[in-house]
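Work through the exercises below with the model open beside you. Try each task before you read its solution.

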Amino acid sequence: MFILKINKIINKLHFEQGDCCSIKRKLVSFISRLSIALSSIYKHCGKDFRERENNLFKMALLNDLINLNLTDSTHKIIAEYIWIGGSGMDLRSKARTLPGPVSDPKKLPNWNYDGSSTGQAPGEDSEVILYPQAIFKDPFRGGNNILVICDAYTPAGEPIPTNKRHAAAKIFSHPEVEKEVPWYGLEQEYTLLQKGINWPLGWPQGGFPGPQGPYYCGIGAEKAFGRDIVDAHYKACLYAGINISGINGEVMPGQWEFQVGPSVGISAGDELWAARYILERITEIAGVVVSFDPKPIPGDWNGAGAHTNYSTKSMREEGGYEVIKKAIEKLGLRHKEHIAAYGEGNERRLTGRHETADINTFKWGVANRGASIRVGRDTEKEGKGYFEDRRPASNMDPYVVTSMIAETTILFNKS
C-alpha cells in the first residue's frame, strides 16, 4: 500500500526541458511527499521493524568509528601483538599504542601477558614475554597500523615449551640450510562451520549434501559455501603483505584452501600464522567458525591437510631431480618422526583413502596424490624443481613442519 503511495507521487513528476525552476519546485514537493509517505510506513511497520532500523543505524555509526583514519589526527599507530596459545593452535592477540609507524620488528618493544590464562605458565609465576618477530599491515584497522607476529619467552629469556619458532629459527640459521635457500609453498585447507552446531557451512542441519564430486573448484549456490569469507581473506592477506598465492574450493563442501608462498625459511611459518589469524578474525566478523581439524566429518568425506611444497637451491638447479630423490629417501628413513610432528588427529585423515597414503606407509610417486610425497610431472620432465609432502595435517605447526623438512633433507646424515 505504502509502496503504491510512493509510486503515485513519482508518477506525478513530469520534468519539462528548460524549466529549471519548475523542476526544483517539483523536486522539493516530491521529497516532502516522500518523507510523509516514509513516515507513514515507519509508523505502521511495527516495533520489530523500527528496532531493526535503529540497529542498522547504530551499526553504521559503529562502522564509521571503526574505519576512522587515524593519520588525519595523530602520528600514533595501533600494533596488534599476536602469539600462539597453550594448545598450539589457539591464536591470541592484544593491541597497544605506539608513537609512530614501525617497519622493523627489532624496533618494536617487547611486551608481556598472563600465561596462566593461556595454559602457558603457573599462576604464581605467570608473566610471559612477547618478542616481536614479523610485521604485517593491519587489514582491519588500515592506515599505518600493524599486525605483529611474536614468539614467547620466560622473563629470563628462555623460550617457553610451546614456542616452536625459536627452534625452527636455529635450523634455518644453520649455514648449510642458509646456503640451500629453502623455498616453501604451504597449502592450508580448512572447513567453515555453522556457529553453534559445528556443522559445515551449506550443509542441511543434521543432514548431508550430495556426494563429493561437484564441489572441488565449483561455483554456484549449491556447490560453493562461504566464498565471501574466502575472497575477503584473500584480499586482506594481499593487503597485509602476506605472500598468498591462491585460493580454491576443496573436495568436501564447506571446505576451502589458500596457499602461501613461495616463501623462504622461517618466513613461511610467520606468513601462514598471520594468514590464519586474519582468517579467524574474518570468520569472527561473519559469525562463522573456522576449523583446522584434519577430519572434521567422519565417513566418505575428504579430510583437511596442509600439503607442503619444498625445494632447495640444489633441487632447482640442473641435476636437481637426483637431489630430490635423495631427499625423499631421507624423509622415508624418518617417516615416523615426521608423522609424530605433523599434526594432531592425522591418523583419522591418513587412511590410504581420499587422496592420502596410509599413515604407517611411506611411498612416493610422480603425479600420485595417494602417495606420501608427490613429485610433479614438470619436475620429472625438466630434471629439477620441487616436491610436495602430502602428510602434514591442516592443524600442523608450520614452524615445526618446515624446519623439520629442512633438517631431514639438508642436515640429516643417514649413515
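A residue is called buried when its relative accessible area is under 20%. By that cut-off, 46% of the 415 residues of the chain are buried. The model is a predicted one.

**Exercise 1. Overall build**

Task: State how many helices and strands the chain has, and give its box along the principal axes.

Solution.
- Step 1. The chain holds twelve helices and 14 strands.
- Step 2. Its C-alpha atoms fill a box of roughly 95 × 55 × 50 Å along the principal axes.
- Step 3. Turn to the contacts between residues at least 6 apart in sequence: 64% of them join residues at least 24 apart.

**Exercise 2. The five-stranded sheet**

Task: Work out the strand order of the open sheet and identify the strands at its edges.

Solution.
- Step 1. Begin with β1 (residues 77-84) and β2, which pair antiparallel over eight bridges. Y81 has K94 of β2 as its bridge partner.
- Step 2. Look at the connection. β1 and β2 make a hairpin with six residues between them. In the turn, G88 has a positive phi of about 90°.
- Step 3. Go to the pairing of β1 with β5. These two run parallel and are joined by four bridges. E80 is partnered with L147 in β5.
- Step 4. Now take β5 (residues 146-153) with β4 (residues 127-137). The pair is antiparallel, with eight bridges. P132 bridges to C150 in β5.
- Step 5. Put the order together: β2-β1-β5-β4-β3, an open sheet with mixed pairing. β2 (91-98) and β3 (111-114) each have a single partner strand, so they stand at the edges and one side of each lacks a neighbour in the sheet.
- Step 6. Add the twist. Neighbouring strands are turned by 40° against each other on average, direction ignored.
- Step 7. Check the burial of β1. Seven of its eight residues are buried, so the strand is mostly covered.

**Exercise 3. Two helices**

Task: Find which residues of α4 are buried and where they lie around the helix axis, then describe α7.

Solution.
- Step 1. In α4 (residues 165-172), the buried residues are R165, A168, I171 and F172.
- Step 2. Viewed down the axis of α4, these buried residues fall within an arc of 120°, so they line one face of the helix.
- Step 3. List what they pack against: β4, β5, α5 (175-180), β6 (183-194), α7 (267-286) and α12 (398-411).
- Step 4. Move on to α7. Of its 20 residues, 14 are buried, so the rest of the structure largely encloses this helix.
- Step 5. Check the span of α7. From first C-alpha to last, α7 reaches 28 Å, close to the 28 Å expected at 1.5 Å a residue.
- Step 6. Look just past the end of α7. There G287 takes a positive phi of about 70°.

**Exercise 4. Cysteines**

Task: Count the disulfides, and explain why C150 is not in a bond.

Solution.
- Step 1. The search of the whole structure returns zero disulfides. The cut-off is a pair of cysteine sulfur atoms within 2.5 Å.
- Step 2. For C150, the closest cysteine sulfur is that of C237. It is 18 Å away, so it is too far for a bond.
- Step 3. C150 has 6% relative accessibility, so it counts as buried.
- Step 4. C217 is likewise in no disulfide, and its nearest cysteine sulfur, in C237, is 18 Å away.
- Step 5. C217 has 45% relative accessibility, so it counts as partly exposed.

**Exercise 5. Unusual backbone geometry**

Task: Which peptide bond is cis, and what phi values do C217 and H354 take?

Solution.
- Step 1. Recall the background. Most residues other than glycine have a negative phi, and most peptide bonds are trans.
- Step 2. The bond from G261 to P262 is cis, with omega near 5°. P262 sits in strand β9 (residues 255-264).
- Step 3. C217 is not a glycine, yet it has a positive phi of about 55°. It lies in the loop between β7 (199-200) and α6 (227-240).
- Step 4. H354 also has a positive phi, near 55°. Its place is the loop between α10 (335-341) and β12 (364-366).
- Step 5. Check the burial of H354. The relative accessible area is 17%, so H354 is buried.

Key: Residues numbered from 1 in each chain as written. Predicted model: local features only at pLDDT ≥ 70, side-chain atom pairs only at ≥ 80, totals over all residues. Heavy atoms only, no water. Pairing = 2+ DSSP bridges. Axes fitted to C-alpha atoms, helices over the stretch in contact; angles between N-to-C directions. Buried < 20%, exposed > 50% of the residue type's maximum accessible area, 1.4 Å probe, protein only. Arc of directions from axis to C-beta. Contact = heavy atoms within 4.5 Å. Expected span 1.5 Å × (residues − 1).
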